Amino acid sequence: MRRTGTTRRGALTATGALALGAVLTGCGGDDEDAGGKRPARATAKAERALREKAVRDGALLLAQYDLVAEAHPATAAGLEPLRAAVAEHGKALAPPRAKGEPKQGAPKGDDAPPAPAGPVSADPKAAVRELAAAERRRADGYGEALLTAGPELARLLASVAAAAAAHAYLLTELAEETAV
(Lines give C-alpha, C1' and ligand atoms only; values in the text may rest on other atoms or scores of the structure.)
Protein backbone atom coordinates (compact mmCIF):
# COMPACT_ATOMS: atom_id res chain seq x y z
CA MET A 1 0.00 0.00 0.00
CA ARG A 2 1.28 3.38 -0.92
CA ARG A 3 1.29 6.22 1.54
CA THR A 4 -0.45 9.45 0.72
CA GLY A 5 1.21 12.80 1.42
CA THR A 6 -0.96 13.53 4.44
CA THR A 7 -0.35 11.66 7.68
CA ARG A 8 -2.17 11.97 10.95
CA ARG A 9 0.90 13.57 12.54
CA GLY A 10 1.20 16.05 9.68
CA ALA A 11 -2.47 16.98 9.87
CA LEU A 12 -2.27 17.57 13.64
CA THR A 13 0.88 19.66 13.23
CA ALA A 14 -0.75 21.77 10.52
CA THR A 15 -3.91 22.23 12.60
CA GLY A 16 -1.87 23.24 15.64
CA ALA A 17 0.14 25.72 13.58
CA LEU A 18 -3.02 27.26 12.17
CA ALA A 19 -4.56 27.54 15.64
CA LEU A 20 -1.39 29.10 17.06
CA GLY A 21 -1.30 31.57 14.17
CA ALA A 22 -4.91 32.53 14.80
CA VAL A 23 -4.27 33.04 18.51
CA LEU A 24 -1.17 35.12 17.90
CA THR A 25 -2.98 37.26 15.35
CA GLY A 26 -5.79 37.89 17.82
CA CYS A 27 -3.35 38.81 20.58
CA GLY A 28 -1.53 41.44 18.55
CA GLY A 29 -1.27 44.91 20.00
CA ASP A 30 -2.41 46.55 16.77
CA ASP A 31 -5.88 48.06 17.21
CA GLU A 32 -6.18 49.18 13.62
CA ASP A 33 -9.12 47.93 11.66
CA ALA A 34 -9.21 47.16 7.95
CA GLY A 35 -9.53 50.86 7.09
CA GLY A 36 -6.29 51.71 8.89
CA LYS A 37 -8.05 53.81 11.53
CA ARG A 38 -7.94 53.21 15.24
CA PRO A 39 -11.28 52.67 16.96
CA ALA A 40 -12.49 55.50 19.15
CA ARG A 41 -11.25 55.12 22.71
CA ALA A 42 -12.22 57.34 25.55
CA THR A 43 -9.53 59.42 27.14
CA ALA A 44 -9.28 59.50 30.91
CA LYS A 45 -11.11 62.83 30.92
CA ALA A 46 -13.90 61.49 28.68
CA GLU A 47 -14.27 58.37 30.83
CA ARG A 48 -14.48 60.50 33.96
CA ALA A 49 -17.22 62.60 32.34
CA LEU A 50 -19.05 59.41 31.31
CA ARG A 51 -18.84 58.07 34.86
CA GLU A 52 -20.03 61.38 36.35
CA LYS A 53 -23.03 61.44 34.00
CA ALA A 54 -23.86 57.85 34.93
CA VAL A 55 -23.73 58.75 38.62
CA ARG A 56 -25.99 61.79 38.07
CA ASP A 57 -28.46 59.69 36.07
CA GLY A 58 -28.43 57.06 38.82
CA ALA A 59 -29.09 59.71 41.48
CA LEU A 60 -32.03 60.97 39.44
CA LEU A 61 -33.39 57.44 39.15
CA LEU A 62 -32.96 56.87 42.90
CA ALA A 63 -34.97 60.02 43.58
CA GLN A 64 -37.68 58.75 41.22
CA TYR A 65 -37.78 55.40 43.07
CA ASP A 66 -38.14 57.31 46.35
CA LEU A 67 -40.98 59.45 45.00
CA VAL A 68 -42.91 56.43 43.71
CA ALA A 69 -42.43 54.53 46.98
CA GLU A 70 -43.56 57.58 48.97
CA ALA A 71 -46.59 58.26 46.77
CA HIS A 72 -47.60 54.56 46.61
CA PRO A 73 -46.53 52.76 49.80
CA ALA A 74 -47.98 49.45 48.53
CA THR A 75 -45.19 49.35 45.92
CA ALA A 76 -42.35 50.17 48.35
CA ALA A 77 -41.54 46.55 49.24
CA GLY A 78 -41.23 45.57 45.58
CA LEU A 79 -39.16 48.63 44.71
CA GLU A 80 -36.67 48.45 47.58
CA PRO A 81 -34.37 45.69 46.22
CA LEU A 82 -34.23 47.37 42.81
CA ARG A 83 -33.57 50.75 44.38
CA ALA A 84 -30.75 49.24 46.45
CA ALA A 85 -29.19 47.80 43.30
CA VAL A 86 -29.35 51.20 41.56
CA ALA A 87 -27.58 52.73 44.57
CA GLU A 88 -24.83 50.09 44.32
CA HIS A 89 -24.48 50.77 40.59
CA GLY A 90 -23.91 54.43 41.42
CA LYS A 91 -21.11 53.51 43.80
CA ALA A 92 -19.49 51.21 41.25
CA LEU A 93 -19.71 53.79 38.46
CA ALA A 94 -18.37 56.68 40.55
CA PRO A 95 -15.12 58.02 39.11
CA PRO A 96 -12.00 57.17 41.07
CA ARG A 97 -10.87 59.95 43.38
CA ALA A 98 -7.74 61.90 42.63
CA LYS A 99 -5.37 62.70 45.49
CA GLY A 100 -6.69 65.53 47.62
CA GLU A 101 -10.22 65.20 46.23
CA PRO A 102 -13.05 64.90 48.78
CA LYS A 103 -14.55 61.47 49.40
CA GLN A 104 -17.51 60.30 47.33
CA GLY A 105 -20.71 61.74 48.70
CA ALA A 106 -18.99 64.75 50.23
CA PRO A 107 -20.55 67.97 48.98
CA LYS A 108 -18.51 69.67 46.28
CA GLY A 109 -20.51 72.82 45.85
CA ASP A 110 -23.43 72.62 43.43
CA ASP A 111 -23.22 68.85 42.92
CA ALA A 112 -26.51 68.10 44.68
CA PRO A 113 -28.47 65.39 42.87
CA PRO A 114 -31.05 66.85 40.52
CA ALA A 115 -34.71 66.51 41.38
CA PRO A 116 -36.63 64.09 39.17
CA ALA A 117 -38.69 65.74 36.49
CA GLY A 118 -42.42 65.93 36.93
CA PRO A 119 -44.79 64.61 39.56
CA VAL A 120 -45.44 60.93 40.16
CA SER A 121 -48.54 59.50 38.55
CA ALA A 122 -51.52 59.08 40.86
CA ASP A 123 -52.06 55.59 39.44
CA PRO A 124 -49.59 53.15 41.06
CA LYS A 125 -49.43 50.98 37.92
CA ALA A 126 -48.57 53.99 35.77
CA ALA A 127 -45.97 55.18 38.28
CA VAL A 128 -44.22 51.80 38.26
CA ARG A 129 -44.41 51.69 34.45
CA GLU A 130 -42.70 55.11 34.36
CA LEU A 131 -39.92 53.65 36.50
CA ALA A 132 -39.65 50.73 34.07
CA ALA A 133 -39.35 53.18 31.17
CA ALA A 134 -36.61 55.09 33.03
CA GLU A 135 -34.71 51.83 33.58
CA ARG A 136 -35.04 50.98 29.86
CA ARG A 137 -33.65 54.41 28.94
CA ARG A 138 -30.78 53.83 31.36
CA ALA A 139 -30.01 50.44 29.82
CA ASP A 140 -30.08 51.93 26.32
CA GLY A 141 -27.87 54.85 27.35
CA TYR A 142 -25.25 52.58 28.88
CA GLY A 143 -25.39 50.35 25.82
CA GLU A 144 -24.55 53.34 23.61
CA ALA A 145 -21.79 54.47 25.98
CA LEU A 146 -20.08 51.09 25.53
CA LEU A 147 -18.92 52.18 22.08
CA THR A 148 -16.60 54.86 23.44
CA ALA A 149 -15.65 53.49 26.86
CA GLY A 150 -12.38 51.78 27.61
CA PRO A 151 -12.41 48.02 28.26
CA GLU A 152 -12.78 48.15 32.06
CA LEU A 153 -15.53 50.76 32.03
CA ALA A 154 -17.23 49.03 29.09
CA ARG A 155 -17.50 45.78 31.07
CA LEU A 156 -18.97 47.67 34.02
CA LEU A 157 -21.42 49.56 31.81
CA ALA A 158 -22.48 46.32 30.14
CA SER A 159 -23.21 44.78 33.53
CA VAL A 160 -25.18 47.79 34.70
CA ALA A 161 -27.06 47.97 31.39
CA ALA A 162 -28.03 44.31 31.75
CA ALA A 163 -29.18 44.94 35.32
CA ALA A 164 -31.21 47.97 34.20
CA ALA A 165 -32.88 45.87 31.49
CA ALA A 166 -33.71 43.23 34.11
CA HIS A 167 -35.09 45.97 36.39
CA ALA A 168 -37.28 47.23 33.56
CA TYR A 169 -38.67 43.71 33.09
CA LEU A 170 -39.27 43.25 36.83
CA LEU A 171 -40.90 46.66 37.14
CA THR A 172 -43.20 45.85 34.23
CA GLU A 173 -44.23 42.65 36.02
CA LEU A 174 -44.66 44.58 39.29
CA ALA A 175 -46.89 47.08 37.52
CA GLU A 176 -49.15 44.25 36.34
CA GLU A 177 -49.39 42.85 39.88
CA THR A 178 -50.03 46.23 41.50
CA ALA A 179 -53.59 46.84 42.60
CA VAL A 180 -55.13 50.19 41.70
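**Exercise 1. Place H89 in the fold and decide whether H89 is buried or exposed.**

Step 1. H89 has its place in helix α3, where a helix is a DSSP run of H or I with at least four residues, a strand is a run of E with at least two, and both are numbered from the N terminus. The model is a predicted one, in which local features need pLDDT of at least 70 and side-chain atom pairs count only at pLDDT 80 or more, while totals for chains, interfaces and linings use all residues. Residues are numbered from 1 along each chain as its sequence is written, and side-chain values use heavy atoms, with hydrogens and water left out.

Step 2. The scale calls a residue buried under 20% relative accessible area, exposed over 50% and partly exposed in between, with a 1.4 Å probe and protein chains only. H89 counts as buried because its relative accessible area is 13%.

Step 3. Leaving aside residues up to four places away in sequence, H89 touches R138, V160, A163 and H167, where contact means heavy atoms within 4.5 Å.

**Exercise 2. Describe helix α3 and compare H89 with E88, which lies in that helix.**

Step 1. Helix α3 has 18 residues and reaches 25 Å from its first C-alpha to its last, close to the 26 Å expected at 1.5 Å a residue; the expected span is 1.5 Å times one less than the number of residues.

Step 2. The buried residues of α3 are L79, L82, V86, H89 and L93, and their cover includes α2, α4 and α5.

Step 3. E88 counts as partly exposed because its relative accessibility is 46%, whereas H89 is buried. The C-alpha atoms of E88 and V160 are separated by 9.9 Å, although these residues are 72 apart along the chain.

**Exercise 3. Find which residues of helix α2 are buried and what covers them.**

Step 1. With 28 residues, α2 reaches 41 Å from its first C-alpha to its last, close to the 40 Å expected at 1.5 Å a residue.

Step 2. Buried in α2 are E47, L50, R51, A54, G58, L61, L62, A63, Q64, Y65 and V68. What covers them includes α3 (76-93), α4 and α5 (151-177).

**Exercise 4. Work out what lines the second largest pocket.**

Step 1. About 340 Å³ of space lies in this pocket. Its 13 lining residues include K53, D57, R137, R138 and Y142, which are the closest to its centre. On a 1 Å grid over the protein atoms alone, a pocket is an open set of points with protein on both sides within 12 Å along at least five of seven lines, unlike a cavity, where a 1.4 Å probe fits but cannot get out; lining residues have an atom within 4 Å of a point. Grid points are joined across faces, edges and corners, and the volume is the space filled by probe spheres set on the points.

Step 2. Both α2 (44-71) and α4 (124-145) supply at least two residues of the lining, and α2 gives the most, with 7 residues.

**Exercise 5. Put these helices into the picture of the whole protein.**

Step 1. The protein has 5 helices and 0 strands, which follow the pattern α-α-α-α-α along the sequence.

Step 2. Of the 180 residues in the protein, 28% are buried. Among contacts with a separation of 6 or more, 77% join residues 24 or more positions apart.
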